[in-house]
Structure formats: structure tokens, C-alpha cells
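Colleague: Thanks for making time for this one. Could you show me the model, and then let me put some questions to you about it?

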Protein chains: 2
Amino acid sequence: MSEKKRYNVAVVGATGAVGQKMLETLENRDFPIEQLKLLSSSRSAGLKMTYKGDEYVLEEATPESFDGVDIALFSAGGSISKKLAPEAVKRGAVVIDNTSAFRMAEGVPLVVPEVNEGDIEHHQGIIANPNCSTIQMVAALEPVRKALGMKRVIVSTYQAVSGAGNEAADELRDQSQSFLNGEDLEANILPVKGDEKHYPIAFNALPQIDVFQENGYTFEEMKMINETKKIMHSPDLPVAATCVRLPFFTSHAESVYVEVEKEGVTVEEIKELMNNAPGIVLEDDPSTQTYPTPLSAAEKKDVFVGRIRKDLDEDKGFHLWVVSDNLLKGAAWNSVQIAERLIANKWL
Amino acid sequence: MSEKKRYNVAVVGATGAVGQKMLETLENRDFPIEQLKLLSSSRSAGLKMTYKGDEYVLEEATPESFDGVDIALFSAGGSISKKLAPEAVKRGAVVIDNTSAFRMAEGVPLVVPEVNEGDIEHHQGIIANPNCSTIQMVAALEPVRKALGMKRVIVSTYQAVSGAGNEAADELRDQSQSFLNGEDLEANILPVKGDEKHYPIAFNALPQIDVFQENGYTFEEMKMINETKKIMHSPDLPVAATCVRLPFFTSHAESVYVEVEKEGVTVEEIKELMNNAPGIVLEDDPSTQTYPTPLSAAEKKDVFVGRIRKDLDEDKGFHLWVVSDNLLKGAAWNSVQIAERLIANKWL
């Protein structure tokens, strides 16, 4: 009798916004877990979380925590990944890292399964999960690139606060209530926890996600630019990004302009490509006001595409509206999906 | 002794979101009013409003209401403008119309004073005030166009609910409180009052402003495209727009990509142009997290520009973040400004 092989899985940063979704996703996917270990900082150690009805006590993550672990899902911040991911690998685990720590490192595959699943095969212990806003964009653009070629991408994002963690979501909730009560707004977290200035997010828009780089772009913008080139194996693809934090809790939306190589492409052809693409759901019918929104995409694992229009001046230019749950396809689901592909392809 | 000439002014649609700001702006500018007439639909007739401490009773707007009026500021919807603006002109008034009724009509100047003040001179009675999202964009782009030439514009907007009127603002307020209370959201107004479907705006983003056109673009997007060409006297300028309604009350923000004609332009040159442009305030310093936001621009009449970056691939490409109070520069202030220029240039 063949029995499905099961794996020892560690989740690092289980109490965070993404960590919670990791557990939910592993449970919903009925992931073949032999033993589950929930790891955290010393601050959260001792807390309890539930998985499939069983209670688990969080342990402080140490190098030894990874003894016997097959797959470690990291989502506890870049510094913890930098310190502990190599320790986990040394002990035989494959790490799927949701932080930016190793994404651009050579030899580390940066993977969105719908785009570059094959890159997983060449991992050396660490596989990086891309930035949330990058994942949904490349998933939506890959069918276009594959069929029509791609000359350039310009994106403006509309990003949910949960991308900055549970504290940011709490801040939006508190500030929104204060605003409605006519009280002053207190800002301590957004746009970037630990940065020098904080601005209210409630009933506002902040054109800063992550810290500013020397070149005037934010780190989030540079992540979208550089990660897209790496995932798509297109180091010379021109990509431009403007990233904006907005007052909603879940799902990032993106206004994407793409220029294809092929001439004379129609909107219907792009729609057809989307309809046949894995992980993509086309929601696009102006005649019935059908398009995705952050609320409609929340808690779903697909990437939703709508508002597909041909540019009125550039024959090769198209505009798309791309929406996805930033904690699912943008983080937890993409990580678990990588783990599933690892197993299915015997690349563990 | 010279005494400042004074004018009989009518405000049509005084109780609306823009009408209220018209009165505020006329008062703040100490506009030379001899007699003020507040006009409205029959529904609002009889209501009272205050101007400079005096109470005014709203009268129902009829053709005869404009007898003796010098300047009529219309902001009561396209159908009222279509019906009554020609009647006002027949009676000797100059109409400054804030609706879309006459904007693209030949012989009607469409004016943003910082861009094409001279067009006012050739009016035939009606001068159109452009769409709010167009005004702030062309005001910010004009110094660029003038100094460096302009090859193409791609904009994604972040628009406040007050652009859809007081009812839309009330809907955002009510839905936000319901959401925070954990209750269901009731949607009756947005994205477009009278359109078939309504979606919640609270903690959401709606990629539809105004109704869809045959070509898949919304009317708001086509307004930005067509009005920009007309205001800038550039019928062949490629302009693309994606317009999105967001959960904040005041100020539109825009992520604008512009390609200039000139080679080798630097960010510092663009900043310098902005610093010297009328009506533009540069708020741009990544080192101190300085950039405009909808909340910081609200209740101010200027157009704020920040996040100016050179495209990393296209030498002639630049990205800008443009924010302005949609009810002031986007509507009331631009209208009053046109009236002031009319008088100052003796073009009445």
C-alpha cells in the first residue's frame, strides 16, 4: 500500500499577518505534515496557536529548532531569515523565505510557480518568495510575455496596509475610528515602522512603501523592478514602479501598462490569454461594471485581472487592473505553492 | 476717485459639494461682488446659505434668474448647464461652467489659467472649467511641456469621493463606520450614481469613475485624455489614463509618467521648473520623507508635486506624484480664478 509521504514543517513567525495565513493555507490545502513546529521571536514564545483543531505552543526559533525539519517557511523579518535560514539549511531543511533577505542573491531561486516553477529545481537550500506586489504583477504578465513578448512595464500600485503587518492594520482601524469621531489621528507605524516620520493612513494615501533608496525610489519600488527582471529571466526588461499605501486592509491593486512585442494585438486576445492562464481569473466586462476590487479579491488565492484596454495611441500598449490578496498569493499561498511544487517534482 | 468695479454674480448649484466651496472661495478672495444670487434646483429652493455673514435664500434657477447677472458660476450638473447656460449668455452673463456639458464644444475655451489663460479672451459667453483630475495634472505638466517638450503622458489616479458629491462622501462615512462595527456595507451611490451596480467604497478601491464608454474606457478617463489635449493645444499628444476611486474624502492624487522631448534632463531641472511654476508647490525630499498626500493638500488651493524620479530605463521618462484639493483647484478655485482673470484682462 502506498502511503502519501509526510513532512516535518516549521513556520517561523507564525503570529504575524503572513504567518497566520501560512497556517490557514497549510490547513486548507491539507498539506502533508508529519510534525508541525511553530517558531517565533523570544517575545512570542509560549503563546498558543491552533492548527487543525490542535493547540501548538510557540517555541523561540534557534538554530537547533530546525533539527529534523524538512521544510521551513520563514516570515519573521529579514534579520531573522539572514541569521537562521542558513542554520536551517545546514540541518537539512529547505527554506522558503518570505522576506527580502535572499531574493536577489545569486543561487537563490525567486519563484512564482505560474512563471518560473522550473527555477525551484536548482535551489541550494533557500528558495525566496517574491515581494507581494511583484508576485501578482508577474503572474498576470507572464501569459502576455509568453505569447506576445514584452517590451516595457509601468506600474502604479494601490497597496493594502496588511502588507506592513498586523500593527499597521490596527493603526488604520484606530485612526479610522478617530477620524469618524472627529478626533486627532495618531500615527506611529506607517508608512514604515522605524522610519523617522509617520503620517496618518486613514482617509489618506501615502506614496512611500518601505524606505527610500539613494536613487529616490523606495525599496518597494526597487523590489518590483529588480524582482520582476529576475523572475521573468529578463534582466534588460524596462520596468518602472510607483508604490502607494492606501487605507484598506487586504489585497493590493495595480494599474499596469505593458507594451508587447507583437503588432496588432487586440483586447480580446489578451482576455483569451488571461482566461487560459493558471492562477488568473479574468473579471472584465464594462457592460456589466465587472472588474475586481480589493474587497472582492480578499481571502481568495487567485490573481484577478480586469479593465483590459488597448492604449489609444500606442498599438502595442495595453492597460490592465490587477488585484490579489497580498497575504495569500502575495505571501502565504505562493510560499505553500512553492512547497507543493518542491514535493510534486521531487526537488526537496 | 477710482472705485473697484463690482459685479453681479450668480452661483448655480450652491448647495453642492463644489457650490459650497465656490462660496467659500469667493469670500476668501474677497471677490468684487455687487449682488450675489444663489440658484438651485426647485428641490433646494428656499434653503438658506450664508455669505460674508449675510443670509441668502436659494432661488430656483430659471432663464429669468440671469437677468442683470454679469458672471454665472455653474455647478449643478450637466443637464442644468445645457439648459440654462445658453439662457444666461443670452441675458448678457458670462458663464463659467464646472460641468462636462460644453468642455469639448468648439468655441468654448477650456481653461486652467496657469496653462492657457489666453484662451479666455476668445470666449463666446461660456468658459468651461475642466475635470478636476485633468486640472491638477495639466497644471503640473505645463512647466515641463513649456521647457522640455512633451512626447507622452500615462497617468493612474487616486481620487477622493467628494468628486462624486456630498452623497458619496456621506456613503464613505456611513460605510466606514459600519465596517468598523462589523456590519454589512450598504452601497447605493458609488462608483456612479444612477449606474446599474454599486460597490462599497469603504476600505476598498473602485476602478470606475463615471460611466463606461464604448471603447472600454470610463468617461472620466476619456475626459482626462481629451481635455488635456485641448487645454494644452496638443491634439496629437498621446495621453493614457486609468482612474480609480478611493476611500478618502478630499484631494485627488496622481501617479504621472511623462516623456519629454529633450535628452539628458535631470530630476533637479524638473524640480527647478516646479519651483518656478505658478500655482505649483514642490514637496519633494526623500531624505526627510517629504511628499504631498491627500490629507496634507486638503483645503489648500495649490497643486503639490513630489516623488519626482527619472525613469531607470528611459532617459526622457520621469515619474511624478501630483496632489491637489479636487474641490478647490479641481473645481471652485479654478472657476473663481477664471473669473478673476476675465476681470483683470477686461475680457468680460
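Colleague: How much area do chain B and chain A bury between them?
Modeller: Buried area here is the accessible area (1.4 Å probe) that two parts lose on being put together, summed over both. Of the area shared by chain B and chain A, 59% is on carbon and sulfur atoms. The total for the two chains is about 5300 Å².

Colleague: Before we go on, what sort of model is it, and how are things numbered?
Modeller: This is a predicted model, where local features need pLDDT of at least 70 and side-chain atom pairs count only at pLDDT 80 or more, while totals for chains, interfaces and linings use all residues. Side-chain values use heavy atoms, with hydrogens and water left out, chains are lettered from A and ligands numbered from 1 in the order in which they are written, and residues are numbered from 1 along each chain as its sequence is written.

Colleague: Good to know. How many residues does the contact take from chain B and from chain A?
Modeller: Contact means heavy atoms within 4.5 Å. By that rule, the count is 65 residues from chain B and 65 residues from chain A.

Colleague: How many salt bridges does the rule find across the interface?
Modeller: A salt bridge is a side-chain nitrogen of Lys or Arg within 4 Å of a carboxyl oxygen of Asp or Glu. One example pairs R309(A) with E221(B), with the closest N and O atoms 3.5 Å apart. Between chain B and chain A the number is 10.

Colleague: Which element gives the most to the side of chain B that touches chain A?
Modeller: Helices (H or I, at least four residues) and strands (E, at least two) are DSSP runs numbered from the N terminus. Several elements of chain B each supply at least two residues to that side, including α6 (219–231), β11 (252–260) and β13 (303–310). With six residues, the one that gives the most is α5(B).

Colleague: Let's turn to the annotations. Which residues does UniProt list for "active site"?
Modeller: The UniProt entry is unreviewed; its positions are given in the numbering used here, feature names are shortened, and annotations may be inferred rather than shown by experiment. The listed residues are spread over 121 residues of sequence but cluster in space, with a largest C-alpha distance of 8.2 Å. They are C132(A) and H252(A).

Colleague: Why does H252(A) count as buried?
Modeller: Buried means under 20% relative accessible area, exposed over 50% and partly exposed in between (1.4 Å probe, protein chains only). H252(A) sits in strand β11 (residues 252–260) of chain A, and its contacts include C132(A), Y158(A), R245(A) and N326(A). H252(A) is therefore classed as buried, since its relative accessible area is 0%.

Colleague: And where is C132(A) placed?
Modeller: C132(A) is buried, at a relative accessible area of 13%. Not counting residues up to four places away in sequence, C132(A) touches E220(A), H252(A), N326(A) and G330(A). Its place is in helix α4 (residues 132–148) of chain A.

Colleague: Which residue of chain A does UniProt list for "binding site"?
Modeller: The residue is in the loop between β7 (94–97) and α3 (113–116) of chain A, and it is buried at 5% relative accessibility. Among its contacts beyond four places in sequence are N129(A), K223(A) and E227(A). The unreviewed entry names R103(A).

Colleague: How far does the backbone oxygen of T99(A) lie from a polar atom of the side chain of R103(A)?
Modeller: T99(A) is in the loop between β7 and α3 of chain A and counts as buried at 7% relative accessibility. The side chains of T99(A) and S81(A) are joined by a polar contact of 3.4 Å (a pair of N or O atoms within 3.5 Å; within protein, one must be able to donate a hydrogen and the other to accept it, and residues adjacent in sequence count only if both atoms are side-chain atoms). From the backbone oxygen of T99(A) to R103(A), the distance is 3.2 Å.

Colleague: Last one: which residue forms a salt bridge with K21(A)?
Modeller: K21(A) is buried at 11%, whereas its partner is partly exposed at 36% relative accessibility. The two are three residues apart in helix α1 (residues 17–28) of chain A, so about one helical turn separates them. With the closest N and O atoms 3.5 Å apart, the partner is E24(A).
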